[in-house]
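Student: I am new to this structure and would be grateful for a close look at a single part of it. Please begin there and then connect that part to what surrounds it.

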Amino acid sequence: MTPGDKYTVVEAEVPLSEVQRYAQDMRSLTQGRGSYQLEFDHYDPVPPNMEQRVIEEAKRVREEDRA
């Protein structure tokens, strides 16, 4: 966090899957006055606890495309 005269800048690295609702949460937390920017930084391996879910979803989509 970097405090300024009128605002505070928060810089963080967050998985994209975790920021899907961030715009709504930001508006709620800041009474509509906050803003944010997203910038791609890098790819990381999928965490083990999410790996099977991603594989199953990819298989489901592939089967739907074939039908």
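Student: How much space lies in the largest pocket?

Tutor: The model shown is a predicted one, and the values below are computed from it. The largest pocket holds about 1,600 Å³ of space.

Its lining is made up of 34 residues. Those that lie nearest the centre of the pocket are A12, V14, V19, Q37 and L38. Sorted by class, the lining contains 20 nonpolar residues, together with seven polar and seven charged ones. Several elements of secondary structure take part: β2 (8-9), α1 (22-29) and α2 (48-66) each contribute at least two residues to the lining. The largest share comes from α1, which supplies three residues.

One of the residues nearest the centre of the pocket, L38, also belongs to a feature of the surface. Together with L16, Y22 and Y36, L38 forms a nonpolar patch there. The accessible area of these four residues together is about 410 Å². Two members of the patch may be placed more precisely. Y22 is part of helix α1, the helix with the largest share of the pocket lining. The relative accessibility of Y22 is 34%, and Y22 therefore counts as partly exposed. L16, by contrast, is located in the loop between β2 and α1. Because its relative accessible area is 56%, and exposed means over 50%, L16 is classed as exposed.

The loop that holds L16 also holds E18, since both are placed between β2 and α1. E18 has a relative accessible area of 55%, so this residue is exposed. Two separations relate this loop to positions further along the chain. E18 and E63 are 45 residues apart in sequence, and their C-alpha atoms are 27 Å apart in space. L16 and R60 are 44 residues apart along the chain, with 22 Å between their C-alpha atoms.

R60 leads to the charged side chains. Side chains of opposite charge can pair when their charged atoms come close. In the whole structure, a search finds three salt bridges. Two of them involve R60, whose side chain meets that of E57 at 2.4 Å, N to O, and that of E64 at 2.3 Å, N to O. The positions in sequence suit a helical arrangement: R60 and E57 both lie in helix α2 and are three residues apart, about one turn of the helix. R60 and E64 are likewise separated by about one helical turn, because they are four residues apart in helix α2. Through salt bridges that share partners, E57, R60 and E64 are joined into one network. As to exposure, R60 has a relative accessibility of 37% and so counts as partly exposed. E57, with a relative accessible area of 39%, is partly exposed. E64, at 48% relative accessibility, also counts as partly exposed.

A further salt bridge joins the side chains of D25 and R21, at 3.4 Å from N to O. Its two partners fall into separate classes of exposure. D25 is partly exposed, with a relative accessible area of 33%. R21 is exposed, because its relative accessible area is 51% and the class begins over 50%.

One last residue concerns the backbone. Q31 is found in the loop between α1 and α2, two helices that each supply at least two residues of the pocket lining. The phi angle of Q31 is near 55 degrees, a positive value in a residue other than glycine. With a relative accessible area of 65%, Q31 is exposed.

To return to the part you asked about, the largest pocket has about 1,600 Å³ of space and a lining of 34 residues, of which 20 are nonpolar. L38, one of the residues nearest the pocket centre, is also a member of the nonpolar surface patch with L16, Y22 and Y36.

Definitions and conventions. Residues numbered from 1 in each chain as written. Predicted model: local features only at pLDDT ≥ 70, side-chain atom pairs only at ≥ 80, totals over all residues. Heavy atoms only, no water. 1 Å grid on protein atoms, 1.4 Å probe; cavity = no way out; pocket = protein on both sides within 12 Å on 5 of 7 lines; lining within 4 Å. Points joined across faces, edges and corners; volume = space filled by probe spheres on them. Nonpolar A, V, L, I, M, F, W, Y, C, P; charged D, E, K, R; others polar. Patch = residues over 30% accessible without salt bridge, like charges linked within 9 Å, V, L, I, M, F, W, Y side chains within 5 Å. Areas by Shrake-Rupley, 256 points an atom, 1.4 Å probe, with all protein chains shown as cover. Buried < 20%, exposed > 50% of the residue type's maximum accessible area, 1.4 Å probe, protein only.
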